Amino acid sequence: MAIAAAFVNSFSNSLQPLTQHSSASHSFYPPPLSFCFPKQNVGSAHLVFCSQIPSDHVANSGKWRTRASFFTGFLTNRKAVAVKTLKEELYQEVNPLDRGAEASPEDQARVDQIAQQLETINDIKEPLKSNLLNGKWELIYTTSESLLQTKRPKFLRPNGKIYQAINVDTLRAQNIETWPFFNQATANLVPLNSRRVAVKFDYFRIAGVIPIKSPGSGRGQLEITYLDEELRISRGNRGNLFILKMVDPTYKVPL
């Protein structure tokens with residue numbers, strides 16, 4: 001880019017016939033580069049115009065390219081290290097919390113703080129356009145009371161794994177409970193922007209087999225605030241936080 005800029009400036013300021021440059025004036029650089037244009041008809045004369053870029057411009061542009069490349073790589077590496085460290089901290093925080101059911105207010109604040117730091121350095125700015133969103137995700141932490149059911153006796157809560165699957169190509173989603181109830185719900189997704197969707201549930205399945213059509217009241221919104229190949233962070237319209245890990249990127253939600 002620097003060479004191109006020097007070339008344009010040199011050409012526009014003063015097109016002149018090619019002349020001899022003294023090697024002494026460029027003792028620390030190789031000879032200057034010359035650019036010649038095809039013959040131009042000026043009356044009956046045929047002229048060849050050339051322009052030269054001083055070799056110090058060429059050498060300096062190479063240095064700048066090297067420095068810019070090093071700086072970009074340095075920042076990329078630092079960001080990757082920061083993401084890796086934050087994800088490890090997040091997993092350490094949520095692992096003993098039983099998906100959030102055992103989280104104290106202090107635990108919730110700490111998890112939310114780490115989630116916000118990851119959201120700040122999120123590379124995927126338009127997650128609804130990313131194939132990384134596709135597949136089955138395991139819920140590892142939430143603040144949603146409707147999912148955790150902490151006011152119920154523990155044997156009446158969902159004790160097995162909970163999954164959420166999303167397919168962006170069909171705009172379908174599915175929530176899957178395992179032991180002991182095996183309930184499921186499917187929904188249509190309506191994009192509100194490149195990060196947020198309206199969720200409209202259409203069917204619930206009791207014990208995974210008894211279908212019940214949604215009465216129409218099962219609605220909400222979900223914003224994907226962080227996404228990579230193994231971790232997804234989302235926030236609901238009621239302020240709830242959802243943290244999920246990818247378990248099966250090939251899973252397809254029933255239509």
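This report looks at charged pairs and a nonpolar surface patch in a predicted model.

## Charged pairs across the chain

Side chains of opposite charge can pair when their charged atoms come close. In this structure there are 12 salt bridges. One of them joins Lys79 to Asp123, with 2.5 Å between the closest N and O atoms. This pair links distant parts of the chain: Lys79 sits in helix α2 (residues 55-94), while Asp123 lies in the loop between α3 (105-120) and β5 (135-142), 44 residues apart. Lys79 is partly exposed, with a relative accessible area of 30%, and Asp123 is exposed at 56%.

## Pairs with buried partners

Now let's turn to Arg235, which forms a salt bridge with Glu119; their closest N and O atoms are 2.8 Å apart. Here strand β12 (residues 231-236), home of Arg235, is linked to helix α3, home of Glu119, across 116 residues. Are these two residues, Arg235 and Glu119, buried or exposed? Both are buried.

Arg196 and Glu223 make another salt bridge, with the closest N and O atoms 2.8 Å apart. Arg196 belongs to strand β9 and Glu223 to strand β11 (residues 219-227), 27 residues apart. Glu223 counts as buried because its relative accessibility is 19%, and the cut-off for buried is under 20%.

Salt bridges can also share partners: Lys87, Asp228 and Glu230 are joined this way into one network.

## A nonpolar patch on the surface

Which residues form a nonpolar patch on the surface? They are Ile206, Val209, Ile210 and Ile212, together offering about 350 Å² of accessible area. Val209 is found in the loop between β9 (196-206) and β10 (210-213). Val209 is exposed, with a relative accessible area of 59%.

Terms used:
Residues numbered from 1 in each chain as written. Predicted model: local features only at pLDDT ≥ 70, side-chain atom pairs only at ≥ 80, totals over all residues. Heavy atoms only, no water. Patch = residues over 30% accessible without salt bridge, like charges linked within 9 Å, V, L, I, M, F, W, Y side chains within 5 Å. Areas by Shrake-Rupley, 256 points an atom, 1.4 Å probe, with all protein chains shown as cover. Salt bridge = Lys/Arg side-chain N within 4 Å of Asp/Glu carboxyl O. Helix = DSSP H or I, 4+ residues; strand = E, 2+ residues; numbered from the N terminus. Buried < 20%, exposed > 50% of the residue type's maximum accessible area, 1.4 Å probe, protein only.
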